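User: Please take a close look at how the helices pack in this model. I should like to know which residues make the contacts, how the axes are arranged, and how this fits into the rest of the chain.

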Amino acid sequence: MIEYVKGELVDVTPAFAVIEANGVGYGLNISLNTYSAIQGKKETRLWVYEAIREDAYVLFGFATKKEREMFLLLITVSGVGANTARMILSELSVDELCNVIATGNERILKGVKGIGLRTAQRIIVDLKDKLPEPTLSPSPGEGFNPQHVGFNKEVRDEAVGALTMLGFAPAPSAKVVVAILKEQPDLPVEQVVKLALKQIK
């Protein structure tokens, strides 16, 4: 069992990170929250969840143990797989998700791709008593002060690539991303992806 991977951050996109440790490159699926935490770093440590299936061996990486614990709780809910759990943790921070579940706010959960009303209700019912006390936190984007990133091809391509890895078709993804960048050309990649996730469901 792999508990965590620590080493040089060789490559990172909003959905995937490659860490080299002792000469081995580990590819890990990550959430936008983890991407925000590790981007720009030369070395990092990601806590690992191993998804082992008959046809695949997939690693998921998390910047904090807290995020991994929430991920593990989410995938215990019927109808919530690893990719859906990652999608939820890309749209909401752990504290925001705790608040959503604690207050029974199924509307916000329904807004996540792949989450219908029944699944949202199931998440709330199944996890409400398993969560720590919620920590009040700002709404997504509130108080965010990103590093200046111009509207360029690299930002657009990276955002579209991340959305494609999350399961969206490239063409509609590109259309939404370009529209967002025209309105807000200074947004960093992870914020573009977060806004796009809300628009292309």
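Analyst: In this predicted model, helix H7 contributes Val155, Arg156, Ala159, Val160, Leu163 and Thr164 to its contact with helix H8, which answers with Pro170, Ser173, Ala174, Val177, Val178 and Leu181. Sorted by class, the residues of this contact are nine nonpolar, two polar and one charged. Two packed helices are described by the angle between their axes and by the distance between those axes. For H7 (residues 153–165) and H8 (residues 170–183), the axes come within 9 Å and cross at roughly 140°. Because an angle over 145 degrees would be needed for a roughly antiparallel pair, H7 is classed as oblique to H8. The crossing of H7 past H8 is right-handed.

A second group of packed helices involves H2, H3 and H4. Helix H2 and helix H3 (residues 82–91) have axes that come within 9 Å and cross at roughly 130°. That angle makes H2 oblique to H3, and H2 passes H3 in a right-handed crossing. On the H2 side the contact is formed by Glu67, Met70, Phe71 and Leu74, which meet Ala82, Ala85, Arg86, Ile88 and Leu89 of H3. Seven of these residues are nonpolar and two are charged, with no polar residue in the contact of H2 with H3.

Helix H2 (residues 65–74) also packs against helix H4 (residues 94–102), with the axes 10 Å apart and at an angle of about 40°. Since the range for roughly parallel helices ends under 35 degrees, this angle makes H2 oblique to H4. From H2, the residues in contact are Lys66, Glu67, Met70 and Leu74; from H4, they are Val94, Asp95, Leu97 and Cys98. The contact of H2 with H4 holds five nonpolar and three charged residues but no polar ones. Three residues of H2, namely Glu67, Met70 and Leu74, thus appear in the contact with H3 and again in the contact with H4.

Helix H4 deserves separate attention. Eight of its nine residues are buried, so H4 is largely enclosed by the rest of the structure. The buried residues are Val94, Asp95, Glu96, Leu97, Cys98, Asn99, Val100 and Ile101. Among the elements that cover them are H2, H3, helix H5 (106–110) and helix H6 (117–127). Asparagine 99, which belongs to helix H4, counts as buried because its relative accessibility is 15%, and the cut-off for burial is under 20%. The C-alpha atom of asparagine 99 is 9.8 Å from that of lysine 128, although the two residues are 29 apart in sequence. Just after H4, glycine 104 adopts a positive phi of about 70°.

For the setting of these helices, the chain as a whole may be considered. The protein contains nine helices and five strands. Their order from the N terminus is β-β-β-α-β-β-α-α-α-α-α-α-α-α. Of its 201 residues, 43% count as buried. The exposed area is about 10600 Å², of which carbon and sulfur atoms supply 50%. Among contacts between residues at least 6 apart in sequence, 56% join residues that are at least 24 apart.

The strand portion offers one buried and one exposed residue for comparison with the helices. Leucine 9 is found in strand S1 (residues 4–13) and is buried, with a relative accessible area of 10%. Leaving aside residues up to four places away in sequence, leucine 9 touches Ala17, Val18, Ile19, Ile38, Lys41, Lys42, Glu43 and Thr44. With threonine 44, leucine 9 forms a pair 35 residues apart in sequence and 6.3 Å apart in space, C-alpha to C-alpha.

Asparagine 22, by contrast, sits in the loop between strand S2 (16–21) and strand S3 (24–29). Its relative accessibility of 84% means that asparagine 22 counts as exposed. Most residues other than glycine have a negative phi. Asparagine 22 is not a glycine, yet has a positive phi of about 55°.

Note on methods. Residues are numbered from 1 along each chain as its sequence is written. This is a predicted model: local features need pLDDT of at least 70, side-chain atom pairs count only at pLDDT 80 or more; totals for chains, interfaces and linings use all residues. Side-chain values use heavy atoms; hydrogens and water are left out. Axes are lines fitted to C-alpha atoms, for helices over the stretch in contact, and angles run from 0 to 180 degrees between N-to-C directions. Helices (H or I, at least four residues) and strands (E, at least two) are DSSP runs, numbered from the N terminus. Angles under 35 degrees count as roughly parallel, over 145 as roughly antiparallel, 65 to 115 as roughly perpendicular and the rest as oblique. Contact means heavy atoms within 4.5 Å. Ala, Val, Leu, Ile, Met, Phe, Trp, Tyr, Cys and Pro count as nonpolar, Asp, Glu, Lys and Arg as charged, and the others, Gly among them, as polar. Buried means under 20% relative accessible area, exposed over 50%, partly exposed in between (1.4 Å probe, protein chains only). Accessible areas come from the Shrake-Rupley method with a 1.4 Å probe; for residues, only the protein chains shown count as cover. A crossing is left-handed if the near helix is turned anticlockwise from the far one by less than a right angle, and right-handed if clockwise.
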